[in-house]
Amino acid sequence: MMKKKYLSGIALLFSLFGLTPAAAQVGAPYIHDPSTIVECDGKYYTFGTGGGGLISDDGWSWHDGAVRPGGGAAPDVMKMGDRYLVIYGATGGGLFGNHNGRILTMWNKTLDPTSPDFGYTEATEVASSDGMEDCDAIDPSLLLDPTTGRLWATYGTYFGAIRLVELNPVTGERIKGNVEQDIAIDCEASDLIYRNGWYYLLGTHGTCCDGVNSTYNIVVGRSRSVEGPYVDNVGRDMLHGGGRMVIAAGDRKTGPGHFGRTIVDEGVEIMSCHYEADLDQGGRSVLGIRPLLWRNGWPIAGEQLKQGDYEIESERRGYSLELAVDFVRMQQERQGWFNREELKKPAQPIADQTLEEVQAGWAQGEVGVRCSDYMFRPWQHWTVTPVPEAGGTLTGPLYTIRIAGTDRALTATAELELVTRPADGSQEQLWRIEQLTDGTFRIMPHAIPGQEGRNRHYCLYSAGDSTPTLAPYDFNSDNSKWNFKKH
């Protein structure tokens, strides 16, 4: 059974004093060089340098406990059929004073270390470097080409080139006779992904392993062929140092590196990485998860919504979500626009309408919502507050949505409708707010009364220009999409 109450003393302080809690994974999300996040039996896993990794029950709160033998550096993991393929660098990267490296693969039926089916196969070498050649065999990643079924791996660091090799998707071994290809320089921790006819090579640029002084950032090029050339947005080949910025330092976190892409739903994608240093967590290297947006065919890191007061605007028509109360006119001395002499007088600003001027006319209990023209009115302003301790998902924390300056909270009903009620700490007053790949937002109630478990189906939906409701999410319909605007 889900917990009924969520507002702790910390959350109340955030609400009362307008503080903005950091939109970062909670628990103990400490990791370096994380693999792409994968799901196994309802839990999420990512592995890091040195062996081991993190586990999460919901994608928001992370803790130690993932198991990966072999040590080494910068693994990646991919689910293929009913098995998981893990690839990692055994040495390299200048570890122990040399650039000799080996790239190894191994399989497991499950990632759950408590399962009776848990057990890695013997590791198989698929690439290496001898310390003298123009490559360092470390930081591997995997791509299973959805158009051909062919399996590819990239690896390499600043010490030479990023290389591409082909693997057998059944055995995880290197294709016999396959010759490695150089596809980029001036980066490391590369990752290959495919989308809409393009192959994207993401690489980590800058300096690592220097905490708050690390300059890591993630860049990208793209190609119509998996074998390249990978070219950035101004035509520079990554084999000659090109690369378009995807994410750099921000939100008091420096050095994002080791890109991974996870598709949550149609139009809902996240990118994972580590930050070399989170200034709010003592400069530790931490797991980072951001919305992944696609703009003009290029990936870019999106933003988790921060606490604040917003207009919530429907993508369908551009109307504003508002409390269904009577319109209260603002007092204004009419301007004689037809009298040129009067227009020579100094203009006097008009104060915003205040909550105190209109709230007395509102019903005390339940009040519905609607959509209408945005008019800078108090019943159109919503305070959005993250509640990290209430839980979350891969896409971020849960939020409350209230009429600004009040405790009147947006609430989902058993009839799949929307009302506002005094905040009572119920699950139906918690919301997922997820930035979609086109930059708009999906707003989903965490729970719906009478329905078991977490809501995974219904979202805030504009059934008509002025009629918000709850309905099945459809990325291809603007009815499912909203924008948050500050005024």
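The legends below describe close-up views of a predicted model.

**View 1. The largest cavity and the residues that line it.** The structure holds 2 cavities of 30 Å³ or more, and the largest cavity contains about 90 Å³ of space. Its lining is made up of 14 residues, and those nearest the centre of the cavity are Pro75, Pro140, Ser190, His258 and Phe259. Two or more lining residues come from each of strand E6 (73–80), strand E14 (188–195) and strand E18 (253–265). Sorted by class, the lining of the largest cavity comprises 6 nonpolar, 5 polar and 3 charged residues.

**View 2. Strand E16 and its two partner strands.** Strand E16, which spans residues 217–223, is mostly covered, with 7 of its 7 residues buried. In a regular strand, side chains alternate between the two faces of the sheet. In E16, Asn217, Val219, Gly221 and Ser223 point one way, while Ile218, Val220 and Arg222 point the other way, and all of these residues are buried. Strand E15 (residues 198–205) pairs with E16 in the antiparallel sense over 7 bridges, and within this pairing Leu201 has Gly221 of E16 as its bridge partner. E16 is also joined to strand E17 (residues 244–247) by 3 bridges, and these two strands likewise run antiparallel; here the bridge partner of Ile218 is Ile247 in E17.

**View 3. The open sheet E18-E19-E20-E21.** In this view 4 strands form an open sheet in the order E18-E19-E20-E21, with antiparallel pairing. E18 and strand E21 (298–301) stand at the edges and have a single partner strand each, so one side of each is left without a neighbour in the sheet. On average, and with direction ignored, neighbouring strands of this sheet are turned by 30° against each other. The pairing of E18 with strand E19 (residues 268–278) is antiparallel and extends over 9 bridges, and one of the residues involved, Arg261, has Met271 in E19 as its bridge partner. E18 also appears in View 1, as an element that gives two or more residues to the lining of the largest cavity.

**View 4. The aromatic pair of Tyr200 and Trp298.** A pair of aromatic rings is described by the distance of the centres and the angle of the planes. A search of the whole structure finds 8 aromatic pairs, among them the edge-to-face pair of Tyr200 and Trp298, with 6.4 Å centre to centre and 80° between the planes. This pair links distant parts of the chain, since Tyr200 lies in strand E15 and Trp298 in strand E21, 98 residues apart. Both Tyr200 and Trp298 are buried, and together with Trp294 they form one aromatic cluster. The two strands concerned are shown in earlier views, where E15 pairs with E16 and E21 stands at an edge of the open sheet.

**View 5. The aromatic pair of Phe441 and Phe484.** The ring centres of Phe441 and Phe484 are 5.2 Å apart and the ring planes lie at 80°, so the pair is edge-to-face. Like the preceding view, this one concerns a pair that links distant parts of the chain: Phe441 belongs to strand E31 (residues 441–445) and Phe484 to strand E34 (residues 482–485), 43 residues apart. Both Phe441 and Phe484 are buried.

Key
Residues are numbered from 1 along each chain as its sequence is written. This is a predicted model: local features need pLDDT of at least 70, side-chain atom pairs count only at pLDDT 80 or more; totals for chains, interfaces and linings use all residues. Side-chain values use heavy atoms; hydrogens and water are left out. On a 1 Å grid over the protein atoms alone, a cavity is a set of points where a 1.4 Å probe fits but cannot get out, and a pocket is an open set with protein on both sides within 12 Å along at least five of seven lines; lining residues have an atom within 4 Å of a point. Grid points are joined across faces, edges and corners, and a volume is the space filled by probe spheres set on the points. Ala, Val, Leu, Ile, Met, Phe, Trp, Tyr, Cys and Pro count as nonpolar, Asp, Glu, Lys and Arg as charged, and the others, Gly among them, as polar. Buried means under 20% relative accessible area, exposed over 50%, partly exposed in between (1.4 Å probe, protein chains only). Two strands pair if DSSP finds at least two bridges between them. Axes are lines fitted to C-alpha atoms, for helices over the stretch in contact, and angles run from 0 to 180 degrees between N-to-C directions. Rings of Phe, Tyr and Trp (its six-membered ring) pair if their centres lie within 6.5 Å; planes under 30 degrees apart count as stacked, over 60 as edge-to-face and the rest as tilted.
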